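Thanks for coming. I will take one residue, one helix and the cysteines, in that order. Please look at the structure as I go.

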Amino acid sequence: MTNTQRVAIVTGAGRGIGAAIATRLAKDGYAVVVNDVDPATAQHTADEIGGCAAPADVTDRGAVFDLVQTAVDRYGRLDTMVANAGIAKVQTLLEATPADLEQIFRVNVFGVLYCIQAAAERFRTQGGGGKIITCASIAAHDGFAYLGSYSGTKFAVRGITQAAAKELAGDGITVNAYCPGIVGTDMWDLIDEQLGRYLGTGKGEALASYAAGIPLGRVQTPEDVANFVSYLGSPDADYMTGQAIMIDGGVVMR
């Protein structure tokens with residue numbers, strides 16, 4: 001690592017959007033710490049980009065702080081935290097059990113907050129400055145039927161992002177969220193399959209129906225999201241904070 005090389009952590013980077021973000025940040029010149037709850041996928045992405053694999057469960061606050069320490073031990077500092085890890089659950093709100101809610105909120109909300117806490121502590125130790133980038137969703141702006149619990153977690157991420165941006169601005173730390181739409185990933189394959197129980201659709205039909213409403217005419221790729229995260233992590237975004245921006249091909253417009 002050079003003295004000028006930036007260091008990033010990307011959680012949930014074993015596959016999908018997270019892997020694409022880690023890959024893009026590595027191309028941008030970052031030293032990337034690749035986190036995932038699955039050690040094998042974390043290592044695979046790290047090997048692909050020449051980064052450092054750091055398996056950990058983001059629902060464990062201590063493990064997230066240890067993750068930041070891993071980055072510091074390996075590369076000497078931290079510049080950007082991308083709190084990407086998340087899960088989806090397809091069910092009606094009337095079906096949601098306490099166990100269902102605890103699982104999705106612990107990953108999607110608690111995990112994001114722990115990343116903010118750990119990164120902010122490190123940034124302050126370094127003298128201030130730094131970027132925190134959270135993963136929200138178009139479901140942080142519009143609630144979606146059969147994805148009510150998921151929508152609730154993403155609205156929470158949006159609110160936490162705004163509050164953190166206000167609390168940390170005095171330290172020179174920016175906090176922004178990216179809001180993907182319908183992305184061609186394993187997560188959306190699972191959503192498509194599970195929506196079939198409610199919509200009476202076969203494999204691929206629910207996804208095709210949702211995709212038909214994309215003004216730009218195609219399902220987005222993980223790289224589409226990664227390109228925007230690259231901007232959020234760059235000096236060009238230094239004057240942006242507290243925002244939750246749609247990168248969705250125009251599905252939700254504000």
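When I say contact, I mean heavy atoms within 4.5 Å. What you see is a predicted model.

Start with Asn176, which sits in strand β6, residues 173–180. With a relative accessibility of 3%, Asn176 counts as buried, because buried means under 20%. What does Asn176 touch, leaving aside its neighbours within four places in sequence? Its contacts are Ile132, Ile133, Thr134, Thr161, Leu232, Met240, Thr241, Gly242 and Gln243.

One name on that list, Leu232, takes us to the helix. Helix α8 covers residues 222–232. It is mostly covered, with eight of its eleven residues buried. The buried ones are Pro222, Asp224, Val225, Ala226, Phe228, Val229, Ser230 and Leu232. And what covers them in α8? The covering elements include helix α1 (16–27) and the strands β4 (80–83), β5 (130–135), β6 and β7 (244–247). So β6, the strand that holds Asn176, is among the elements covering the buried residues of α8.

Last, the cysteines. How many disulfides does a search of the whole structure find? Zero. Take Cys135: for its sulfur, the closest cysteine sulfur is in Cys179, 8.0 Å away. That is too far for a bond, because a disulfide needs the two sulfur atoms within 2.5 Å. Seen from Cys179, the closest cysteine sulfur is the one in Cys135. Are these two buried or exposed? Cys135 is buried at 8% relative accessibility, and Cys179 is buried with a relative accessible area of 0%.

Note on methods. Residues are numbered from 1 along each chain as its sequence is written. This is a predicted model: local features need pLDDT of at least 70, side-chain atom pairs count only at pLDDT 80 or more; totals for chains, interfaces and linings use all residues. Side-chain values use heavy atoms; hydrogens and water are left out. Helices (H or I, at least four residues) and strands (E, at least two) are DSSP runs, numbered from the N terminus. Buried means under 20% relative accessible area, exposed over 50%, partly exposed in between (1.4 Å probe, protein chains only).
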